[in-house]
Amino acid sequence: MIELQQNYARLPAAFHAQMDPVPVKAPRLIAFNRELADFLGLDISDSTEGQLAALFGGNTVPAGARPVAMAYAGHQFGNFVPQLGDGRAILLGEVEGRDGLLRDIHLKGAGATPFSRGGDGRSALGPVIREYLVSEAMHALGAPTTRALAAVTTGEHVQREQPVPGGILARVARSHVRVGTFQYFAARGDTGSLSVLVEHVIDRLYPAARNADSPALDLLARVIAVQAALVARWLSLGFVHGVMNTDNMAVSGETIDFGPCAFMEAYDPDAVWSSIDRRGRYAFSNQPRIALWNLARLAETLLPLIDDDQQAAIEAANGALEAFPKAFDQAWVENMRMKLGLTEAREGDVDLAQRLLDSMHAGGADFTLTFRYLADAMDEDGDVGKLFELFSGREGIEAWLADWRARLDAEGRGDKDVATDLLAANPALIPRNHRVEQAIRAAEDDDDFSVFDRLRSAWLRPYDPAPGDADLIRPAAPDERVARTFCGT
Ligand code: AMP
Ligand code: MG
C-alpha cells in the first residue's frame, strides 16, 4: 500500500543496522494525519483502519521496504557518547512528497535494535501524544519541524517508573541525519564514510552545495544558516526544545526529537522544564548559544573534508561559524518586527523588542498573549485592558506602548492593516503544557483520546481561534501549572 524508496538503507553497512520493527500485540490507530498522507502521495484509500494500525504499529512491513535503525553518536549535555543510534526507532524508507522532495517515514517506539543499549526499544504513549501534538502545532506555527503522520497504541505496557501503555509514532522528516551522525564517523576516524554522508546529505537536502569549491564547507554554511533561522523562530514562539544534544539536532534545520519540550507562558529567559536539565544548559535564551556550540561540533567533523591542510580547514570552518550570530540576530529581529507589526527595518528595533520582553519579565506577563493582544491597541477604541491585565504593574508596558505607537506612526500605515498583520503573526493558540499533560493523562489513565483529538484539531489553526477555544487560549491557572516535563525514556 505504500511504496518506499531505500536511499538510506542503500548506504554502506556502517550507516545502519538492517531490521524490521518488532511486532506489537494489538496495534490500534489513535491518530492519522490525512492531510500529510495526501501530501506524501500515500495510497491508503483502500486501507482499513486495521491495516493502517498494523502498518504504523510495525506489524506489517510494506513490500520491498528495507527498514533500518540509523547509527549516530552525540554530545548529551556536553558529554560525548560515541555510539547512540536509533535505539527505539526504525526508518521504514523514503517517499516523494508533492513538492518533489523526499521524506523519511520513521517509526518511533518500534522495538529494540542493536543501538538500544539495554533499553526496551519502546515508547510510552505519553511521549507519543506529546510529540504528535507539539510537532503538528510547530508546523502550523510556521517552524520547520518533523511531522506526525500517525500514532498507535500497542496493546502492550512498557515499564517506566510504573507500567504505562505503549505507543508508536510514525513521523516524517526531510531527513533524520543529525549532527551526531557526522560525529559517529568522525569519532571512528572513518573519513571515507564521512564523505559518503556529506554526499548523501548534499544530494538529499542541499543539492546546490555540490558545485561549491568545497562542498563540505558549503554544506556546513547551509546547516549553520538553517539552524540560525530555526532557533530564531523558536524564540519568537516561546519554545524551549529541552534537549538540544547534538544527536537531537537535524542537519535539515527541522525541529526534531520532542522530548521534555514546552512553550513558555510568563516570559522568562531562564525558563527550563526538563527534569534532567538541572543546570539550565538548554534554557530558553541559551538556545542560540547551544546551537552554535553544536554547529562547532559539526564543523570539527568536517575538517578533513574541507581542506587537507588542517590549519586552513580550521580557518575556513571558523569563518563559517562566525556567520551564525549575525544570521541569528538578523532572523530574530525579523521575527520580532513581524510580531510588532513593523514592515521597515529601523535602528532601535532590537531595543524596542527587547524592552517589551523585559517588561513582560518584570510584570510576569504571558508571552503569547502579550503579543496577541497588541492588536487590541489598533482598534478604534484602543482598549488595551486585556493586555494590561497580563502584567502585574502597568508602568513598564504603558511606556513601551507609547514608544511602539510612535514607531508604528513613523511607518504611516493604517491601524487596520497593522492589526491584521499582528493577528497573522501572533498566535492565540499554542500547545500550553498543562493541556498537553491533560491529553496525556486522559489517554494513559482512562484510554480517553477526546482531549488529544480536540487539541490536535485546535492547534492546527493557531492564528484563527474559534468561539469555543477560550479555555485553550488562557494560560494555566496556578493549580494547573506544569513545573517539569520528562523525557520519553
Ligand atoms: P532521546 O532522549 O530520545 O534523544 O534518545 C537518546 C538515545 O537513547 C537515542 O540513542 C535513543 O535511541 C535511545 N533511547 C531512548 N529511549 C530508548 C528506549 N526506550 N530503548 C532504547 N533506546 C532508547
Ligand atoms: Mg534523540
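In this predicted model, the side chains of Asp 104 and Arg 204 meet in a salt bridge, with 2.8 Å from nitrogen to oxygen. That pair offers a way into the arrangement of the chain, for which the domain assignment gives domain 1, covering residues 13-173, and domain 2, covering residues 179-333. Between domain 1 and domain 2 the count of salt bridges is four, and the count of residue pairs in polar contact, both partners at pLDDT 80 or more, is 14. On the side of domain 1 that touches domain 2, the elements giving two or more residues are strand S4 (74-76), strand S7, helix H3 (125-140) and strand S10 (163-173). Of these, H3 gives the most, with five residues.

The extent of the contact can be described in several ways. Taken over C-alpha atoms, the centres of domain 1 and domain 2 are separated by 23 Å, and the contact takes 32 residues from domain 1 and 35 residues from domain 2. The size of an interface is often given as the accessible area lost when the parts come together. For domain 1 and domain 2 the area buried between them is about 2800 Å², and carbon and sulfur atoms give 62% of it. Within the area that domain 1 buries against domain 2, Phe 15, His 75 and Phe 77 supply 25%, which is more than any other three residues.

From the interface we turn to a loop of the chain. Pro 114 is placed in the loop between strand S7 (102-108) and strand S8 (123-124). With a relative accessible area of 56%, Pro 114 counts as exposed, because this value lies over the 50% cut-off. Pro 114 nevertheless has partners from elsewhere in the sequence: when its neighbours within four places are left aside, Pro 114 is in contact with Ala 17, Met 19 and Gln 83. Gly 87, which is 27 residues from Pro 114 in sequence, lies 7.1 Å from Pro 114 in space, C-alpha to C-alpha.

The last site to consider is that of the metal. The magnesium ion, ligand 2, is coordinated by Asn 248 through OD1 and by Asp 257 through an OD atom, at 2.0 to 2.1 Å. Asn 248 has a relative accessible area of 13% and is therefore buried, since the value falls under 20%. Asp 257, at 11% relative accessibility, likewise counts as buried.

Notes
Residues numbered from 1 in each chain as written. Chains lettered and ligands numbered in written order. Predicted model: local features only at pLDDT ≥ 70, side-chain atom pairs only at ≥ 80, totals over all residues. Heavy atoms only, no water. Donors = N, O, S within 2.8 Å, 3.2 Å for Na, K, Ca; no water. Buried < 20%, exposed > 50% of the residue type's maximum accessible area, 1.4 Å probe, protein only. Helix = DSSP H or I, 4+ residues; strand = E, 2+ residues; numbered from the N terminus. Contact = heavy atoms within 4.5 Å. Domains from an automatic or database assignment. Buried area = accessible area lost by both parts, 1.4 Å probe. Polar contact = N/O pair within 3.5 Å; in protein donor to acceptor, adjacent residues only side chain to side chain.
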